[in-house]
Amino acid sequence: TAHRPTWAPAKGREHQGGARLFGPSAKASKLEANGFLTLKTRARGQSAADELLERDFARELAEKEREAAKKASGGGVVRAEDEDADDDDDDGGDGASDGESESDSDSESDDDDTAALLAELERIKAERAKEAAEKAAVEQAAAEHARADELATGNPLLDLADGGSGAPANADFKTKRRWDDDVVFRNQARDAPKVGKRFINDTIRSDFHKRF
């Protein structure tokens, strides 16, 4: 419609119809301003370029491969002493045999300790699994017993003779009668209220629903 604001509102006189020519606007939005004029640089401790130059990636890769091979073979993590012993073996020398024997003994002791720990862990897991299975069996048996008791004593008609939890032995389920059910004249009072028809806009509280 025509009832909307425009950048060039209509004016009278010689500019009738708002057909004037406007030059480019000098206004600029703050959202068009340049931001992030400087790049972020890595600080010390964030894998900066000088830190990467100082690291020995070949040695780190060799250590990781050695640890992975040790784990795959079933042993523990390679210690620093074992790595030093391996380096000494690679370099050679008179003390190579002594370092090799010490590293072998350390590795054997580590393997024995690891095997003992794994065996203990498996034993603990087996005991816990057995306890959990026994507990589940006991709970299931208790639940089945409670269910059977509920089915046996839940219906009072099936438990009258024994006098169980459903109802007492002398229970009487006869329909109770009013004191004036067997009289000749009933509903003969003159001042008895006469209930007329009324409209209640509720299907639950209506007279028809109450009679139903």
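## A walk through a helical protein

At 53% relative accessibility, R198 counts as exposed (exposed means over 50% relative accessible area, buried under 20%, and partly exposed in between, using a 1.4 Å probe and protein chains only). Before we follow that residue further, a word on what you are looking at. This is a predicted model, in which local features need pLDDT of at least 70 and side-chain atom pairs count only at pLDDT 80 or more, while totals for chains, interfaces and linings use all residues. Residues are numbered from 1 along each chain as its sequence is written, and side-chain values use heavy atoms, with hydrogens and water left out.

Now back to R198. Its side chain meets that of D207 in a salt bridge, with N and O 3.1 Å apart; the term stands for a side-chain nitrogen of Lys or Arg within 4 Å of a carboxyl oxygen of Asp or Glu. D207, in contrast to its exposed partner, counts as buried at 17% relative accessibility. Just before D207 comes S206, in the loop between α4 (96–153) and α5 (207–211). S206 is buried too, at a relative accessible area of 15%. A polar atom of the S206 side chain lies 3.5 Å from the backbone oxygen of T203. That pair is a polar contact, meaning N or O atoms within 3.5 Å; within protein, one must be able to donate a hydrogen and the other to accept it, and residues adjacent in sequence count only if both atoms are side-chain atoms.

Let us step back to the whole chain. The protein has five helices and zero strands, where helices (H or I, at least four residues) and strands (E, at least two) are DSSP runs numbered from the N terminus. Of its 212 residues, 8% count as buried. Contacts, meaning heavy atoms within 4.5 Å, tell us about the fold as well: among those between residues at least 6 apart in sequence, 17% join residues at least 24 apart.

Helix α2 offers a nice check with a ruler. The expected span of a helix is 1.5 Å times one less than its number of residues, so the 16 residues of α2 (residues 57–72) should span 22 Å, and the end C-alpha atoms are indeed 22 Å apart. After α2 comes G74, whose phi is positive, near 100°.

Which residues are linked with E51 in a network of salt bridges? They are R44, D50 and E54. E51 itself sits in helix α1 (residues 49–54) and is buried at 15% relative accessibility. Its bridge to R44 has the closest N and O atoms 3.3 Å apart, and R44 is exposed at 58%. The E51 side chain also reaches the backbone nitrogen of G45 at 2.6 Å, and one of its polar atoms lies 3.3 Å from the backbone nitrogen of S47.

Our last stop is helix α4, where R123 and E120 lie three residues apart, about one turn of the helix. An α-helix has 3.6 residues a turn, so residues three or four places apart point the same way. R123 and E120 form a salt bridge whose closest N and O atoms are 2.2 Å apart. R123 is partly exposed at 41%, and E120 is partly exposed at 35%. In the whole structure, a search finds nine salt bridges.
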